[in-house]
Amino acid sequence: MFSNNDKKGEAFELRADLNSEYKEKRKETVKKVIANMTIGKDVSGLFADVVKNMQTEDIELKKLVYLYLINYAKTQPELVILAVNTFLKDTDDLNPLIRALAIRTLGCLRVEKVVDYLMEPLKKSLKDDDPYVRKTSALCVAKIFDLNPSICIDNGLISSLQDMLSDRNPMVIANAVSALSEIHAQSPMDNIFVISPVILTKLLAALNECTEWGQICILESLSSYKPQGGNASREAPEIVERVVARLQHANPSVVLSAVKVLMIYLAYIDADLTKQVIKKMAPPLVTLLSSEPEIQYVALRNINLILQRQPQTLSQEIRVFFTKYNDPLYVKLEKLECIIKLCSLDNIDQVLLELREYASEVDVEFVRRSVRAIGRCAVKLDGASERCVNVLLELIKTKVSYVLQEAVVVIKDVFRKYPRKYEGVIPQLCENLEALDEPDAKAALVWIIGEYAERIENAEELVEYFVEGFKDESAKVQLQLLTATVKLFLKKPGSAQELVQKVLQLATQGCENPDIRDRAYIYWRLLSSNPQAAKAVVLAEKPPIESDNSTVSETLLEELIYHIGSLASVYYKPAALLGVRGDRADMRLAAVDDDDANKVDVQQVVASVGGNIENLLDLDFGAPMSLVTSSTAPVFASGPQPPSNVDDLLGMMDLGGAPSGGESVTVIETPKVQLLKPEAAHGLDLTGSFAKRNGQMLLDFVFTNTSNAPMSDFAIQFNVNSYGIAPAAPLQVPILNAGQTSTHTLPLNRSGNVTPQQPANALQIAIKNSNGVYYFQILLADERVLV
């Protein structure tokens, strides 16, 4: 560290040189100080000596001193005040570069005490004659707002920024848009950045004339603009026409921003114009694939989203996604995804020829994905399934271990899609039995043997081969072996009785995995008490699997379209989880926009399929059909219910019967936890906890408005989770006035999609209100609420 007490050494020399009478020597010394600062040395002891050199006409030296000030302003705030007069003098300099430099530096100092001194020069520079000073001042307002929002509003800086949207210089407009967008995202007020028809015209006019960075800012703002009422039919085509020209830009970021705007505005234009726009989007997207691998990867991740929404965009360009020998693995894998999305009966022969070549590559992971892609094409295209199966059989003949194992897994999916159609390939699969050593491949082959046991002559021998090493197999293989053996017994009772007893004994007595043990007990009871019921359950006809080539869920896709070209669209995660700044208008929850004509009522969907989806394992198979309800909430009869057959099957405890009117009902409540802090949610303080009362799973919320403005339009959405927990009713929170607190109990059910999460008891939830969208995570502390 360089201290003020150094009498000799480097610090002493630097201090002496900083006070030299020669300008060039002082300049070289400041450079040395900056170099020391850059490599991490503490040169704050030279603060006063460096600041003396601010008063110079040398712009390079002034920039160096400003850089030093910015770095040490937080640690030396008292000394920074001494430099304010020089800053104020520089803001009145005849040279616009110096005026802009002074304003920019003042905005970067991040010292509360300096803000008051900055107001007058900043107001003046916002109306400066030079556009360079005005555009620099616009960004300075955003920095000051982040430091002290109230002082910006009180001094009319926001109004000045809004006036700058009508500036005659396009770069000033672009910087004003950027500053207002950033302020709007942070402010609880909704009127910071509102695009009117007049401002829209100004933005479109500036779009063609400003720099790349400015174009991106304006395109970002256009993506959050929603044409209203009767003007929509006129505004949307005009916006699309101006934005389409940006597709020819050399900068990939501008191209992706333009694509984002066009994807959003397709909803507001007619079918003929939509076809023209989609046709014009294809060439620039193809051009992006000729860039460096890193840009290719970003482009491919975004193209995957575009193809999920508009698959016809690149339907004629499948060849550009064929991989090159020198493509990195991450690029190859993304190209494979695009190929699968674009494959059709017209190009399937070309695709299969290409995938067949990929299967002979040296990269094992790429080969596996290529084999998997052949299977996905078979499931997707009914008319091409036979050709895909033939290619898979050719790959099996190669005897390459990882190719063989992946092909067996893939053929299992083909059998599930087309049952009883390709049984002729089973003998060829069974020939390679001993070559399989991966759990997925073994489990797939065991499933095939069990499913087609009546058509395989030596099915008993094949199953017995796997049973010999039952204890050493993975849980996945053991579960499949258990089911396959029971299927074999039900299809060939005479020849497999000893085998099924052996497997059930191994699973119940020699296995520590509770899932395997429980399934074995269920099979054992079924077979011993009611073989016909066992047959109906185990050999029930299974529906064919459907092709699902969706990259992300529709809800997430809706949000990611608004973030094309950002980190969110690369990681396929909500923008808020990645810290990506976005306008609050971008962060929309599916099915909560009152203006959306295509809104989906979640409760209607649940009711249409029967609300007790979560109780599938608890259905009373012995009860008449009239007892099965389709309500989203549990229904309790006034009297005791007959015990369930499933409960009797295990014979371990009496689970039958709901509590009668005279019995006590268990209440389970978990401790309340803080879910949202006011500083992170525009003044919304939210606490919550899980509970169970009268057999109903609940989420208790306490909403507190700590801001100065009312909050309204509350809505909630759950992410997919390990338990399938979802709201059983809409979130109905009244308007929260300033300082008001409201409690709300949200009923829950388990009708949502079940997707394993880490940790398993974590639920990701989004809350929307009039101020924005907020994401949080809550842990299910007591799993008894699920029962």
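Here are some notes on helices, aromatic rings and a few individual residues in this predicted model.

1. **Helix α29, its span.** Let's start with α29, which runs over residues 514-529 and has 16 residues. From its first C-alpha to its last, α29 reaches 22 Å, close to the 22 Å expected at 1.5 Å a residue. At the N-terminal end, N513 acts as the cap of α29, with a side-chain oxygen 2.9 Å from the backbone nitrogen of D515.

2. **Helix α29, its two sides.** Which residues of α29 are buried? They are I516, A520, Y523, L526 and L527. These residues lie on the same side of α29, because they cover an arc of only 130° around the axis. An α-helix has 3.6 residues a turn, so residues three or four places apart point the same way. S528 and S529 are exposed, on the other side of α29.

3. **Helix α18.** Your next stop could be α18, residues 293-309. Its 17 residues should span 24 Å at 1.5 Å a residue, and the end C-alpha atoms are indeed 24 Å apart, which agrees. The buried residues of α18 include hydrophobic-looking names to scan for in your viewer, among them A299, L300, I303, L305, I306 and L307. Q296, R301, N302, N304 and Q308 are also on the buried list of α18. What covers these buried residues? The cover includes α16 (252-265), α17 (271-288), α19 (329-342), α31 and α32.

4. **Tyr562, in the loop between two of those helices.** Y562 sits in the loop that links α31 (554-561) and α32 (567-571). Is Y562 buried or exposed? With 8% relative accessibility, Y562 counts as buried, because the cut-off for buried is under 20%. Y562 and M263 are 299 residues apart in sequence, yet their C-alpha atoms are 8.7 Å apart in space.

5. **Aromatic pairs.** How many aromatic pairs does the structure hold? There are 10. One of them joins Y265 and Y268: the ring centres are 5.7 Å apart and the planes are at 55°, so this pair is tilted. Y265 is buried at 0% relative accessibility, whereas Y268, at 24%, counts as partly exposed. Y358 and F366 form another tilted pair, with 5.1 Å from centre to centre and 45° between the planes. Y358 is buried, with a relative accessible area of 2%, and F366 is buried too, at 0%. Elsewhere, F701, F703 and F714 form one aromatic cluster.

6. **Lysines over rings.** F366 comes up again here: the charged end of K332 sits over the F366 ring, 5.1 Å from its centre. In a second case, K421 lies over the face of Y418, at 5.1 Å from the ring centre.

7. **Glu451 and its contacts.** E451 belongs to helix α25 (residues 439-451). Its relative accessible area is 12%, so E451 counts as buried. Which side chain makes a polar contact with the side chain of E451? K487 does, at 2.7 Å. Setting aside neighbours within four places in sequence, E451 is in contact with R420, K487, K491 and K542.

Technical notes
Residues numbered from 1 in each chain as written. Predicted model: local features only at pLDDT ≥ 70, side-chain atom pairs only at ≥ 80, totals over all residues. Heavy atoms only, no water. Helix = DSSP H or I, 4+ residues; strand = E, 2+ residues; numbered from the N terminus. Buried < 20%, exposed > 50% of the residue type's maximum accessible area, 1.4 Å probe, protein only. Expected span 1.5 Å × (residues − 1). Arc of directions from axis to C-beta. Polar contact = N/O pair within 3.5 Å; in protein donor to acceptor, adjacent residues only side chain to side chain. Phe/Tyr/Trp six-rings, centres within 6.5 Å; stacked < 30°, edge-to-face > 60°. Lys NZ or Arg CZ within 6 Å of the ring centre and 35° of its normal. Contact = heavy atoms within 4.5 Å.
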